[in-house]
Amino acid sequence: MKKLVKGIVDFRNNVRPGVRETFAKLALGQSPDALFIGCSDSRVAVNVFASTDPGDLFVVRNVGNLVPPSGDGATSDHESEAAAIEFALEALKVSHIVVCGHSECGAMQALVKGRESLSSPNLKSWLQFGEVDLSKVKACPQVDTSLALHDQLSQFNVLNQLEHLKTYPLVRERLEKGELQLHAWWFELRQAEVYAFDKNQEKFTPFDEEIGQRILARLN
Ligand SMILES: [Zn+2]
């Protein structure tokens, strides 16, 4: 917290003069073209690894980068994230949704151990949206099986959450019209390496120049 407080004073003194004009323009409205759904984990620093500026991304972060399925199709019991998805698609008209997982995720480690052992009732309930049969994870060809099991689950989870996104009628509609693309990313902490799920290779691949060009070529 001390760093946070000192950081704000430093921002006011040293950074603010250089960014005030940018924020004055952004005060008139935002037009990000992507919704980023990432884990709340303090180490998933998307502004750093994706070099984003204010106004670039509409962001939802929660424990485990989970997306509760849409339920009856019209509403969700988890309005917070459903509302963000609706707002991003209807008001901001984003054409991309990125779900980004990461290595050493505490949520994935808890799921490997079994969420029933958790004593926090809300966390125990929330993690149901990431719960899968671990034998499915181990047998999944799209996951790097050389990783620790919780990291395999983390990669599997990102793909699984994209399927949850498709339970939202609005998401399905935009996908069918070709107005929306879904992206699966994964951040490996030790090497500070971002991976993108490459549809050609059907696996998570380091986000290098080649992958970047391939993704750019597919963008709307
Ligand atoms: Zn996490």
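A residue counts as buried here if 20 or more other C-beta atoms lie within 10 Å of its own C-beta. Keep that cut-off in mind as we walk through this predicted model, because by that count 27% of the protein's 220 residues are buried.

Let's begin with the overall picture. The protein's secondary structure amounts to 9 helices and 6 strands. Its radius of gyration is 18 Å, close to the 17 Å given by the globule rule for 220 residues, so the protein is as compact as a globular protein of that length. Measured out along the principal axes, its C-alpha atoms would fill a box of roughly 55 × 45 × 40 Å. The chain also meets itself over long stretches of sequence: among contacts with a separation of 6 or more, 64% are between residues 24 or more positions apart.

Now turn to the sheet. The 6 strands make an open sheet with mixed pairing, and their order across it is 2-1-3-4-5-6. At the edges stand strand 2 (57-62) and strand 6 (203-206); each has a single partner strand, so one side of each has no neighbour in the sheet. From one strand to the next, the twist averages 25°.

For a closer view of one pairing, find strand 4 (residues 181-188) and strand 5 (residues 193-198). These two run antiparallel and are joined by 4 bridges. You can pick out one partnership by eye: Trp186 has Tyr195, in strand 5, as its bridge partner.

Helices pack on this sheet too. Helix 3 (residues 79-91) touches strand 1 (34-39) and strand 2, and its direction makes about 170° with that of strand 2. Helix 7 (residues 149-165) lies across strand 3 (96-102), strand 4, strand 5 and strand 6, and runs at about 155° to strand 3.

Helix 7 deserves a longer look. Its 17 residues reach 24 Å from the first C-alpha to the last, close to the 24 Å expected at 1.5 Å a residue. How much of helix 7 is buried? The count is 12 of its 17 residues, so the helix is largely enclosed by the rest of the structure. Among the buried residues are Leu153, Phe156, Val158 and Leu165, and also polar ones to look for by name, including His150, Asp151, Gln152 and Asn157. What covers these buried residues? The cover includes strand 3, strand 4 and strand 6 from the sheet, together with helix 4 (106-113), helix 6 (134-138) and helix 8 (169-176).

Terms used
Residues numbered from 1 in each chain as written. Predicted model: local features only at pLDDT ≥ 70, side-chain atom pairs only at ≥ 80, totals over all residues. Pairing = 2+ DSSP bridges. Axes fitted to C-alpha atoms, helices over the stretch in contact; angles between N-to-C directions. Contact = placed C-beta atoms within 7 Å. Expected span 1.5 Å × (residues − 1). Rg over C-alpha atoms; globule rule 2.2 N^0.38 Å.
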